[in-house]
Amino acid sequence: MSIRQKLFHRFGSRKKDPNWPGLIEAYKAWLPVSESTPIITLKEGATPLLEAKAVSKRVGRNIKVFLKYDGLNPTGSFKDRGMTMAISKAKEAGCKAVICASTGNTSASAAAYARRGGMRAFVLIPDGYVAQGKLAQALIYGAEVLAIKGNFDEALEIVNEISNQYPITLVNSVNPFRLEGQKTAAFEIIDSLGNAPDWLCIPMGNAGNISAYWMGFQEYFKAGKSNKLPKMMGFQASGSAPLVNNTIIKNPETIATAIRIGNPVNREKAVNAKNKSNGSFLDVTDEEIIKAYKILGSEEGIFCEPASAASVAGLLKTKQDIPSNSKVVCVLTGNGLKDPDCALKNNEALFHSNLEPNMKTIAQVMGF
Ligand code: F0G
């Protein structure tokens, strides 16, 4: 292996490349696009894979934990990977408008890419259950927001029907191009590590992302880019765990509103990924999610949203099952800034307020 190749495996050659073209251009050969596909991009992808020393230490036994920080995509979540594909293909097909149901991130991403591509974006959201940052994004990107007195699952049924009856493209993860785009995160992990990890820990909502990762890992494996496949470890919030309990949940509840989903559409694909990879599904409580969320913030310097912290919460809960010396990747799906309320309510920071504006007071409060 040449020095250049070694460096590529160690650091991922494109990670810091200012000319990164976006993931469709970068992984064209692996995606269903042609010369005539108009590429709608915000230069998504190439997100960092960070070593997590504090989490690794908690896991112990020389197990190395990495975080795939997909909250650093253009709209702050992994959805951009799927949306660049779904919107480019919709544009190629001459579509003028797109629609989705969303717990927030899909709506932000759909709105950004659709508007960039000159299309209308309709988004159905569960009223009162979308984090503030995500709603702000949908509005500023120019989406037409339809808030329903119902949950995500009900919203998804409606958009499914609408897209069947009217000329509008559905961009939820039932749209196959979404998963095609999202599989590139698995490519990036292998490009970075030089092989697949032993475990992949990922939060599950509608279960599109776990299915996309599995697709990506398999494709690279078949092409000889890795010599193993990871165990796919999918985590759900305890109050919203239809896959863990193999059921449908009528009224899902969790602090992690992004994954507040009771009837995931990609159920079969996710179960297949779990079974074929010898993986597992497990639930984590809201308390466990918040604990991991705080560890990531205060010990790793990484602010992710609560749903994303479910991957680390799950890892910490199952750490005894991981063989020593393994490599584990936890996917951090969304940026913490999306849900500032959650951070303001759940932190252990010292916040001294109402202080007199002079040096003496400040120094005293600081303990000098
Ligand atoms: N993490 C975050 C931050 C999400 O927004 C989602 C899903 C997931 C994990 C779960 O991914 O559905 O592919 O299993 N959010 C969707 C939305 C449902 O509408 O933004 P999944």
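In this predicted model, helices α9 and α10 cross in a right-handed way. Helix α9 covers residues 184-193 and helix α10 covers residues 208-222. Their axes lie 7 Å apart and meet at an angle of about 50°. An angle like that falls outside the ranges for roughly parallel, roughly antiparallel and roughly perpendicular, so α9 counts as oblique to α10.

As for who touches whom, α9 brings Ala185, Ala186, Phe187, Ile189, Ile190 and Asp191 to the contact. From α10 come Tyr213, Gly216, Phe217, Glu219 and Tyr220. Sorted by class, the contact between α9 and α10 has eight nonpolar residues, along with one polar and two charged ones. The polar one is Gly216, since Gly is counted as polar here, while Asp191 and Glu219 are the charged pair.

Then there is the sheet. Six strands make up an open sheet, and reading across it gives the order β1-β2-β10-β7-β8-β9. The pairing is mixed. At the edges stand β1 (49-51) and β9 (280-284). Each of these has a single partner strand, so one of its sides is left without a neighbour in the sheet. Going from one strand to the next, the twist averages 25°.

One of the pairings in this sheet can be followed down to individual residues. Strand β8, residues 231-237, runs alongside the edge strand β9 in the parallel sense, and five bridges link the two. Within this pair, phenylalanine 235 sits opposite leucine 282 of β9.

Definitions and conventions:
Residues numbered from 1 in each chain as written. Predicted model: local features only at pLDDT ≥ 70, side-chain atom pairs only at ≥ 80, totals over all residues. Heavy atoms only, no water. Pairing = 2+ DSSP bridges. Helix = DSSP H or I, 4+ residues; strand = E, 2+ residues; numbered from the N terminus. Axes fitted to C-alpha atoms, helices over the stretch in contact; angles between N-to-C directions. Parallel < 35°, antiparallel > 145°, perpendicular 65-115°, else oblique. Left-handed = near helix turned anticlockwise from the far one by under 90°. Contact = heavy atoms within 4.5 Å.
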